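Dear colleague,

I am handing over the structure below, and I would ask you to look through it before reading my notes on helix packing and nonpolar cores.

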Amino acid sequence: HITKKQNNYKFKTLNIRLIFEKEGVYLHTNAKRSNQDTTIPGFIRIVERAGVPALEWSPLEDEGRTAPAVLYTKKDGEGGEEDTNFDPGYEPDWAVISTVKKDREHVPVRDSGQWSFSLPLSELYSLRRARFSLGRNFLVFTSRGGHPLPPLHFHRGGTRELLRAMHRYIILDQSPVDGRLFLAYPHDSGALSQSFDKLQLLDDGGSDLVSRFIQDPYATTFGGFSKVTNFFKAALRPPDSSVYSRTAQDPSFPLQPDEEPGFELITCGVELGPRPDVTRGQPMDKWEEFLDPQGRVKNPERIKELVFRGGITPNLRKEVWKFLLGFYPWNSTTKEREDILRVKTLVDEYFRMKVQWKSVSEEQEMRNSLLRGYRSLIERDVSRTDRHNTFFSGNDNPGLTLLHDVLMTYCMYNFDLGYVQGMSDLLSPLLFVTQNEVESFWCLTGFMELVHQNFEESQEAMKQQLLQLSVLLKALDPELCDFLDSQDSGSLCFCFRWLLIWFKREFSFEDILILWEVLWTRLPCDNFHLLIACSILQSQRGELIGSDHDFNTILKHINELTMKLDLQSVLRGAEAIYLQLIQCKELPLKVQQVLGLYIPSSSEEDSPDSQASETQRLLSESQAGAASSNSASDGLTVIEKCMENVYI
């Protein structure tokens with residue numbers, strides 16, 4: 001065991017100044033190889049090397065050697081000695097998040113041994129506060145170059161003292177998007193004055209503020225920066241939304257037990273009310289009574305409400321689905337629907353498009369690699385789609401031929417998108433219910449209008465949905481989010497298959513018929529499928545939190561939920577979550593946007609600091625976290641790894 005006095009002597013001999021040191025900080029490696037420990041005890045330190053402050057961690061077993069000196073542009077040091085004998089005080093929960101900045105070169109984080117690291121504080125980008133009731137407070141450091149480090153768990157406390165020591169060199173600014181999120185900035189008085197003057201947000205003068213920064217950087221950071229933060233929050237909150245914050249100078253607020261003295265109170269999550277009890281209804285079993293004498297649907301919204309509440313009886317599905325998927329307009333008469341069916345079958349598109357691909361000769365197809373590729377994918381997927389269902393089981397089944405022909409014809413209908421793996425999963429229930437080639441095709445086009453962006457090569461829509469799911473889950477269950485973050489699973493990529501094909505592989509074929517018709521109503525909001533995902537995740541929190549799961553085992557556990565979920569329970573949970581959220585008076589703007597409760601004005605959308613730019617920044621964070629989560633030898637990105645599970 002090496003004493004602090006011995007460490008001080010060692011650092012002096014190496015011309016390194018030790019500023020802060022804490023033992024009992026465990027690095028969680030999430031090692032994919034069973035012969036490696038997943039937690040390694042060690043030291044966290046702040047040191048100055050040639051005047052450059054750096055944050056360093058090294059395991060106990062490596063105390064015979066030190067982290068390498070990583071030299072950057074020297075910064076003038078501040079006078080005076082730092083008192084490292086801090087009172088233990090309250091131990092806050094902290095975490096650091098991953099954000100990628102691509103606009104300039106950064107010197108990468110250097111490792112000493114397998115897990116030791118040395119990160120200059122000038123290269124730290126952001127921190128996030130966490131509420132984690134299991135007593136394992138953790139930090140996950142990420143550099144400005146987007147290099148995330150393994151989580152550090154403070155089993156013996158010490159994060160408060162560490163942050164006080166860090167603040168000698170950096171300023172922490174609360175993010176307008178997440179109250180637990182902080183950005184790190186250097187102490188640069190000139191830059192601060194210039195920025196404040198440019199924003200014109202300070203009513204007490206930029207130069208005076210800078211002098212207060214030098215005298216009391218912590219209090220001034222969270223007091224003065226709150227005005228800067230509000231500037232960005234204005235673009236992210238509705239006009240009537242109020243922001244609750246307090247600084248150390250406001251004596252009207254009592255000091256809370258989970259609050260750092262001298263800091264702004266940062267809430268870890270949304271204060272939600274109780275979750276209401278929800279009951280499901282019976283399937284809709286009447287249809288004719290909702291039609292007028294000409295066959296028009298008298299009250300489409302009432303039909304949607306009944307379908308959302310209980311689904312549809314099997315004998316009515318074929319008719320009602322055509323309305324839900326846009327094959328028939330809600331205000332069409334019986335005669336008009338007959339004409340629509342005749343035109344779409346004989347006169348118009350379908351068979352004309354089908355003839356196009358069927359008339360291509362083998363010689364022509366040899367020179368059309370795109371069509372040849374589509375056909376190959378379709379033939380492969382058709383052979384393994386819902387073969388347990390009698391409609392598609394066995395060899396030479398006519399249902400398989402219809403599945404193949406409809407998908408090939410869709411390639412002619414939408415050649416830009418063509419065929420993407422997973423689309424056969426969307427078609428098979430439609431074909432099973434309609435029992436008709438033409439009707440199933442046009443129902444598929446209506447379904448694809450809702451989800452076609454899921455299949456685009458850029459995957460931007462999938463990234464956006466995963467981000468929106470993260471926003472919802474953070475509001476609902478910050479503790480679960482913190483646990484997933486600590487296990488490199490904060491990107492929620494294990495939900496990729498759920499969102500891509502609307503839970504098709506998670507529930508039985510019969511349950512999917514009910515789930516999809518509920519989702520097609522678009523009630524109570526367009527993103528109800530994300531609330532279903534939240535309902536499933538929260539149902540699994542007891543299995544996940546407190547377990548020994550890492551990234552791989554979390555992914556495995558989620559995949560093994562297939563056919564084990566109770567649909568009615570999941571639907572009740574999702575609706576209850578929606579009602580709980582909309583009853584919250586201070587619901588964050590981003591959550592309101594996901595639920596469709598708030599739509600940004602055109603001026604907000606055009607602003608460079610608008611929600612769109614913030615979304616793009618968070619997307620970059622998600623990509624950075626995904627890249628870090630899968631640094632194992634298989635070389636796949638996290639998204640690719642999750643996509644593998646869609647098609648297996």
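The axes of helix H9 (residues 349-358) and helix H14 (residues 437-451) come within 10 Å of each other and cross at roughly 95°, and H9 and H14 are therefore roughly perpendicular (a term for angles of 65 to 115 degrees). In contact, meaning heavy atoms within 4.5 Å, are Glu 349, Tyr 350, Phe 351, Met 353 and Lys 354 of H9 with Glu 437, Val 438, Phe 441 and Trp 442 of H14.

This is a predicted model, in which local features need pLDDT of at least 70 and side-chain atom pairs count only at pLDDT 80 or more, while totals for chains, interfaces and linings use all residues. Residues are numbered from 1 along each chain as its sequence is written, and side-chain values use heavy atoms, with hydrogens and water left out.

Helix H15 (residues 460-476) packs against helix H19 (residues 528-539) at an angle of about 50°, their axes being 10 Å apart, which makes H15 oblique to H19 (outside the ranges under 35, 65 to 115 and over 145 degrees). Their contact involves, among others, Leu 469 and Leu 472 of H15 and Leu 531 and Ala 533 of H19.

The largest nonpolar core (buried residues, under 20% relative accessible area with a 1.4 Å probe and protein chains only, joined through side-chain atoms within 4.5 Å) has 112 residues, and Trp 498 and Leu 515 are among those with the most contacts inside it. Helix H18 (residues 509-520) gives the most to this core, with nine residues.

Best regards

Terms used: Axes fitted to C-alpha atoms, helices over the stretch in contact; angles between N-to-C directions. Helix = DSSP H or I, 4+ residues; strand = E, 2+ residues; numbered from the N terminus. Buried < 20%, exposed > 50% of the residue type's maximum accessible area, 1.4 Å probe, protein only.
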